[in-house]
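Q: Please take a close look at a single part of this structure. Show what surrounds it, and follow the links outward from there.

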Amino acid sequence: MTRSHDLPRFVRDLLASVPSHGEGVHRWLFRTARVLHPYRSETEIAATLRAAVAGCGRTVAEGEIADAILNSKACAWEPGAVGVQRSPRVSAWPTVDHQLRESITANGAGLYDLWENSPVRFEDGERYTERIVDVLFPGNPWLCVGATSRTFKTRHREELRGELAPLALIVPSPMKGQTGKTQEGGTSEHTLESTGPRRFLVVEFDTGTGDEQAALLLHLAERAPLALAVHSGGKSLHGWFYSAGQGEGATRGFMRYAVSLGADPLMWTRSQFARMPDGTRDTGQQQTVHFFNPAIVEEAK
């Protein structure tokens, strides 16, 4: 399990550079799992990641490691060979342009500005999860929702009515049906195969202060329609950008730019869970909505 002589030097260097808590452990797990797929079984990858993050400064749940392995499999790195062209789908995401990021976050904008720019504000202490989801997903589509990434279900929207506020997660695109095939050949109610066309591209920033993350979302909102901004109940903001009907090329270009500002590339996967708007994290914290613009979605009907 701990052998490393058969790994390329850059993979060994990556394993030796685990970030500390608060500096991107979650993103490191995804990135490292992605490059380990050609060399290790999933069981071995889990053991390798578990050992590597043991001293990162926080407890890393088994589910977080399992998610990193599962979600990185679709874009697993493929070792190159002379005369062989790599598939475009495995092209690396850009590195963070810290100078550009700092120039954006230094303009003074922050959470207050995100709230002030929100066309709709919720200020009475009530939960508006159901109403928000009705706007984001009109009609009665299949939705995949969960309390955790391991406890989830896919049901028609109307079957879920009244059940959403206590939940933490939702796939930001409707599902094609209740179940689909996993990459291992099994059946699950949360699969990439069963996820329909992209409706929202969710951009998550999990480093920097809340004000810095808000400034970055406001900056991105100048380039794509921001429908929603949700706090994770932890340390990150999720920006929901309406992308229905847009080509994957244009959407990916926008995501690459967001990643260059520090966004988590994991959110590119269509089936990746995002935070339920005005839902409840597993710690009991409310996932507060800081920005909501229903017109973005309603005008597109």
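A: The answer starts at strand β6 and works outward.

The model is predicted: local features need pLDDT of at least 70, side-chain atom pairs count only at pLDDT 80 or more, and totals for chains, interfaces and linings use all residues. Numbering runs from 1 along each chain as its sequence is written, and side-chain values use heavy atoms, with hydrogens and water left out.

Strand β6 covers residues 200-205. Strands here are DSSP runs of E, at least two residues long; helices are runs of H or I, at least four long; both are numbered from the N terminus. Six of the six residues in β6 are buried (under 20% relative accessible area with a 1.4 Å probe, protein chains only; exposed is over 50%, partly exposed in between). Neither face is left open. On one side, Phe200, Val202 and Glu204 are buried. On the other, Leu201, Val203 and Phe205 are buried too.

The partner is β8, residues 237-242. Six bridges join the two strands, and they run antiparallel. Pairing requires at least two DSSP bridges. Valine 202 of β6 has tryptophan 240 of β8 as its bridge partner.

Both strands feed the largest nonpolar core. Such a core is a set of buried Ala, Val, Leu, Ile, Met, Phe, Trp, Tyr and Cys residues joined through side-chain atoms within 4.5 Å. This one has 49 residues. Leu136, Val203 and Trp240 make the most contacts inside it. Besides β6 and β8, the elements that each supply at least two core residues include α7 (129-136), α8 (210-220), β7 (226-231), α9 (248-260) and β10 (289-292).

β1 is another such contributor. It also belongs to an open, antiparallel sheet of four strands, ordered β2-β1-β3-β9. The edges are β2 (151-156) and β9 (274-275), each pairing on one side only. β9 meets β3 (residues 169-170) over two bridges, in the antiparallel sense. There, leucine 169 has arginine 275 as its bridge partner.

Now the other core. A second, separate one holds 20 residues, including Val25, Leu49, Ile69 and Trp77. Leu49 leads to helix α3, residues 42-52. The buried residues of α3 are Glu44, Ile45, Ala46, Ala47, Thr48 and Leu49. Their cover includes α1 (9-15), α2 and α4, with contact taken as heavy atoms within 4.5 Å.
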